[in-house]
Amino acid sequence: MTPLIRPLAAIAVALVVNMPAAAPAQSYQVDCAILLCLAGGWPTSAPCAHARAVFIRRITPWPVEPPLQIWRCPMGASFAVPARALPLERLHDITFRTGSSIAMPTASLPVLPVQASEQADIDISGDAFDFVRSIRVFHIQFHQREDGDGRCIRSDSTRLGSYGEQGDYRWARSSVTAVPSASALPRPKHCDRMVYRSVFVDWRDHAGSYGFEEVRY
């Protein structure tokens, strides 16, 4: 961890620990909360519990959406935040500032397309936001069986969702060989009959700690 990341990680944890304990679900920007809570390692708080639930619900089929939709977090918004404030300090103020006119709308948001060209409204290319680019979503669709001639027939439609430099989200073809070992995906040595479908997401927080979730379907 670089010298810059250490203090930012400490700030992330301090900010999420001091989030409003009973903030109504619609009184803050949920994607800003996801960003902040993820950075701090999902500490215990009502906003972080809600943020994590949304994060997981988005990868639960169907459709499989980007778990963090950073373009819905107005980090470039201008409030009474000191210009020299660190990125996560500014994010906390934007997310939970009382009476903000940019609170999360109550109307349902549209379903996103498979690819999302939208991106963060500020520059997040620096090390401080590496945790965003650490998020990987594996949509695993795999089955194998042995045919009557003893040949192993495999079908692997696994895809990988990942984030670009500025938070844009893309799907690409992948395979079960790339799925992290934390997944419950069986890895038989022989051609045992198997059907496995799931969405697996993993990440590293600001401090570099590893986390993951998997949804079978």
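User: What makes R136 count as partly exposed in this predicted model?

Analyst: The relative accessible area of R136 is 32%, and in this predicted model the term partly exposed covers values between the 20% under which a residue is buried and the 50% over which it is exposed. Since 32% falls between those two limits, R136 is called partly exposed.

User: Where is R136 placed, and which residues is R136 in contact with once its neighbours within four places in sequence are left aside?

Analyst: R136 belongs to strand β1, which covers residues 136–146. With those neighbours left aside, R136 is in contact with L160, G161, P180, F200, V201 and D202. For one of these partners, G161, the C-alpha to C-alpha distance from R136 is 5.8 Å, although 25 residues separate the two in sequence.

User: Why is W42 called buried?

Analyst: W42 has a relative accessible area of 11%, and the word buried applies under 20%, so W42 meets that condition. W42 lies in the loop between α2 and α3.

User: What makes the phi of W42 worth a remark?

Analyst: The phi of W42 is positive, at about 55°, although W42 is not a glycine. Most residues other than glycine have a negative phi.

User: How do you know that α2 and α3 are roughly perpendicular to each other?

Analyst: Helix α2 (residues 30–39) and helix α3 (residues 46–58) pack at an angle of about 100°, and their axes are 9 Å apart. Angles from 65 to 115 degrees count as roughly perpendicular, and the pair is therefore described in that way.

User: Which residues meet where α2 packs with α3, and how do they divide by character?

Analyst: From α2 the residues are V30, D31, A33, I34 and C37, and they meet C48, H50, A51, V54, F55 and R58 in α3. The residues of this contact divide into 8 nonpolar, 1 polar and 2 charged.

User: Which peptide bonds involving W62 are cis?

Analyst: The bond from P61 to W62 is cis, with omega near -10°, and the bond from W62 to P63 is cis as well, with omega near -5°. W62 lies in the loop between α3 and α4 (87–96), and P63 is found in that loop too. Most peptide bonds are trans.

User: What makes β3 and β4 a pair of strands?

Analyst: Pairing requires at least two bridges between the strands; β3 (residues 159–163) and β4 (residues 169–173) have 5 bridges, in the antiparallel sense, so they meet the requirement. One of the bridge partners is Y169 in β4, which is matched with Y163. The two strands form a hairpin with 5 residues between them, and in the turn G167 has a positive phi of about 90°.

User: How do you know that β5 and β6 pair as well?

Analyst: Strand β5 (residues 194–204) and strand β6 (residues 210–216) share 7 bridges in the antiparallel sense, which satisfies the minimum of two, so they too count as paired. S198 stands opposite R216 in β6. The hairpin of β5 and β6 has 5 residues between the strands, and G208 takes a positive phi near 90° there.

User: What is the average pLDDT of the protein, and which stretches are below 50?

Analyst: The average is 78, and 68% of the residues score at least 70. The pLDDT is below 50 over residues 1–27, a stretch with 55 contacts in the model beyond near neighbours in sequence. Residues 98–114 are also below 50, with 27 such contacts. Where pLDDT is low, the predicted coordinates should not be read in detail.

Note on methods. Residues are numbered from 1 along each chain as its sequence is written. This is a predicted model: local features need pLDDT of at least 70, side-chain atom pairs count only at pLDDT 80 or more; totals for chains, interfaces and linings use all residues. Side-chain values use heavy atoms; hydrogens and water are left out. pLDDT is the predictor's confidence in each residue, from 0 to 100. Contact means heavy atoms within 4.5 Å. Axes are lines fitted to C-alpha atoms, for helices over the stretch in contact, and angles run from 0 to 180 degrees between N-to-C directions. Angles under 35 degrees count as roughly parallel, over 145 as roughly antiparallel, 65 to 115 as roughly perpendicular and the rest as oblique. Ala, Val, Leu, Ile, Met, Phe, Trp, Tyr, Cys and Pro count as nonpolar, Asp, Glu, Lys and Arg as charged, and the others, Gly among them, as polar. Buried means under 20% relative accessible area, exposed over 50%, partly exposed in between (1.4 Å probe, protein chains only).
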